[in-house]
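Dear colleague,

I am handing over the structure we spoke about, together with some notes on what was found in it. Please have the sequence and the coordinates open while you read.

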Amino acid sequence: FAEPAWWKESTIYQVYPSSFKSTGSGSEPGWGDVKGITSKLDYLKHLGVDIVWTSPIYKSPQVDMGYDIADYYDIDPKYGTLADVDELIAELKKRDMKLMMDLVVNHTSDQNPWFLESRSSKDNPKRDWYIWQPAKYDEQGNRKPPNNWSMILGEANSAWTWDEKTQEYFLALFTPEQPDLNWRNPELRAAVHDVMKFWLDRGACGFRMDVINHISKPKGYPDAPITNPDAPYQPGYSLYCNGPHMNEYIRELNDKVLSKYDTVTVGEMPFVQDPDEILKVVGAERKELRMIFIFDIVDVDNVPGSFRLTLHKWPPSDIRDIETKYQRLMIERDGWNSMFIENHDNPRSVSRYTDDSDATRDLGAKLLCLMQTTLSGTLYVYQGEELGMRNLPASVPIEEYKDVESINYYKKMTSLYPNDAEKEKWARHVLQRKARDHSRTPVQWSAEANAGFCAPETQPWMVVNSDYKTVNADAQRKFSSPESLSVLQFWKRGLQQRKENKDCFIYGDFELLDTQTEAVFAYKRKSKERAFVTVLNFTGKEVEWQVPDQAGVSAWVAGNYYKGKPEGAVSGAVKLRAWEGLLGTAK
Ligand code: TEU
């Protein structure tokens, strides 16, 4: 069994600050602000949250919603001031809670003074803090970027941007306004260490590290393999994810900074699936990061090897197979992992993994809660997930999508296929399923105007989901029925149950109970003292499930169809209704 630690047992709640809560204390009306986070700490404490992770609140031109940082040492006026952050940290502390910051150091904003200096001349001392390369030329003498890598948030474009003044290309993997930092340069690395110390000294408990596996690019910037022969540029993930010096740079973060504090760290690591590669980072003896975000579960509906804005049909057993793989990695090989299915880069989980129609949304959200609260890994809850918030409906016009990735995708599709109504419709369909915008709509606090997110007379920066009159925190807090709990109440109970039985749910053994039934994910969690069994029907159809002998269920204790104890047989055949989930105690 894994060694106990506070950061394994903590429930971490992700705040997407622009959409969380606006008190009007920032410079922009209709934006969430830091005081808004502080104003909701009692709500979060009541839910069972230990750590608040906030997406970037630093000074930023907001090309990519703060993932383009112009000043690591100050807060964007839209969110408030440094004093507001100090107040947030103090208020968290009063409630025995902590603050985790987002550390975005694969790239900066093109408005960051580091980059302004770097691009000012070829002999500027900070020139080498970013990745500059000379142009290539084809036979006709046309200028070409140094290689064929495509931009991540707009794959029709090159990852390289030409700089007229100094006549070189710079690498900017995400958008041209987010130039990549050159981690080969030791001065740059020391500057990153300083940023980290600044925030830890101020009271942050650690960092979520944005695309930390992109920091080491391969020498010579070779071309990426051609995955789409019709596209002008190709995804370069296989080359720059987990690059040659990545582990060395991460270990240095630990030696120079992290080891001097008691921190929690989680590295965002897209496109890594090899357990040995993962263990190099999170293996207990490696001392690199506490855990990472592995993307398999959120990549489940992407065309394999392709971009996120694609649709791919997947069987429900994919969820079982993915979760099982990583449960074993943690428990049997002494690594640690994060448990998450939602964040600001993905559609809403209830819309994606279950059925978000009015009749089943509630059940789907609770099913996902039951799964997450009974599996190992540090648990991450994304704002609104605890309310079962869902994707924007198809009726919302395309102009309401604000994310740079969505905008670039729609532009690409409509310019690639001009006057093609079918293709345009398809593009809108893909965005309605997969856009990052769905998780970025304002949190629905109440049935009041603007869902209580900001003042009634203020226009929120993003459209509020039209279902807010029924789906909101206020209604779910007050909800009362003899048959069931609201999604919010179910989450609160689930988180509490997880803590009370952490020997099983956090540190316990994991045993998969069924590899055959396509629809069902069933598993046993076991400690020295006791055991639990979770059974989840991941389809909208009724399934008859044979309880296997080794399950040894003694009683059902919770389920998403029930407020109290579920009825039904504990052995033999059990009828699982659409999206039904059960939790039982076991021998
Ligand atoms: O995301 C990195 C990332 O690779 C994806 O989650 C990305 O959003 C997706 O592949 C796009 O299709 C992180 C941040 O979480 C994201 O919000 C930023 O846009 C990105 O890095 C750049 O900082």
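The notes below go from the whole chain to the ligand, then to one sheet and a few single residues.

Please keep in mind throughout that this is a predicted model. Its overall scores are an ipTM of 0.95 and a pTM of 0.98, and the protein chain averages a pLDDT of 97, with 100% of the residues scoring at least 70. Among the elements of the chain, the lowest mean pLDDT, 91, belongs to helix α10 (residues 317-333), while strand β1 (residues 11-15) has the highest, 99.

As for the overall build, the protein chain contains 17 helices and 24 strands, and its C-alpha atoms fill a box of roughly 75 × 55 × 50 Å along the principal axes. The radius of gyration is 24 Å, which agrees with the value near 25 Å that a compact globule of 587 residues would have. Of these 587 residues, 51% count as buried.

The UniProt record, in an unreviewed entry, places the feature "domain: Glycosyl hydrolase family 13 catalytic" at residues 14-440. Over that stretch the chain is 31% helix and 14% strand, and the C-alpha atoms at its two ends are 12 Å apart.

Which residues are closest to the ligand? They are Y67, F174, P270, R308 and D345, out of 13 residues that surround the ligand. Sorted by class, the shell around the ligand holds six nonpolar residues, one polar residue and six charged residues.

One sheet can be followed strand by strand. This open sheet is formed by three strands in the order β6-β12-β11, and the pairing is antiparallel. Strands β6 (132-133) and β11 (160-163) each have a single partner strand and stand at the edges, so one side of each is left without a neighbour in the sheet. Between β11 and strand β12 (residues 168-171), which run antiparallel, there are four bridges, and across this pairing W162 stands opposite Y169 in β12.

Two residues deserve a look for their backbone angles. Most residues other than glycine have a negative phi. K287, although it is not a glycine, has a positive phi of about 55°, and K287 is found in the loop between α9 (275-282) and β15 (291-294). N450 is also a residue other than glycine with a positive phi, near 55°, and its place is in the loop between α14 (421-434) and α15 (473-478).

Are these two residues buried or partly exposed? K287 has 13 other C-beta atoms within 10 Å and is therefore partly exposed, since a residue counts as buried only if 20 or more lie within that distance. N450 has 20 C-beta neighbours inside 10 Å, so N450 counts as buried.

A last residue to find in the viewer is L239, which lies in helix α7 (residues 237-240). L239 is partly exposed, because 18 other C-beta atoms lie within 10 Å. From L239 to N302 the separation is 63 residues in sequence and 19 Å in space, C-alpha to C-alpha.

With best regards

Notes: Residues numbered from 1 in each chain as written. Predicted model: local features only at pLDDT ≥ 70, side-chain atom pairs only at ≥ 80, totals over all residues. UniProt positions renumbered as here; feature names shortened; annotations may be inferred. Near = placed C-beta within 6 Å. Nonpolar A, V, L, I, M, F, W, Y, C, P; charged D, E, K, R; others polar. Pairing = 2+ DSSP bridges. pLDDT = per-residue confidence, 0-100. Rg over C-alpha atoms; globule rule 2.2 N^0.38 Å. Buried ≥ 20, exposed ≤ 12 C-beta atoms within 10 Å, placed from the backbone.
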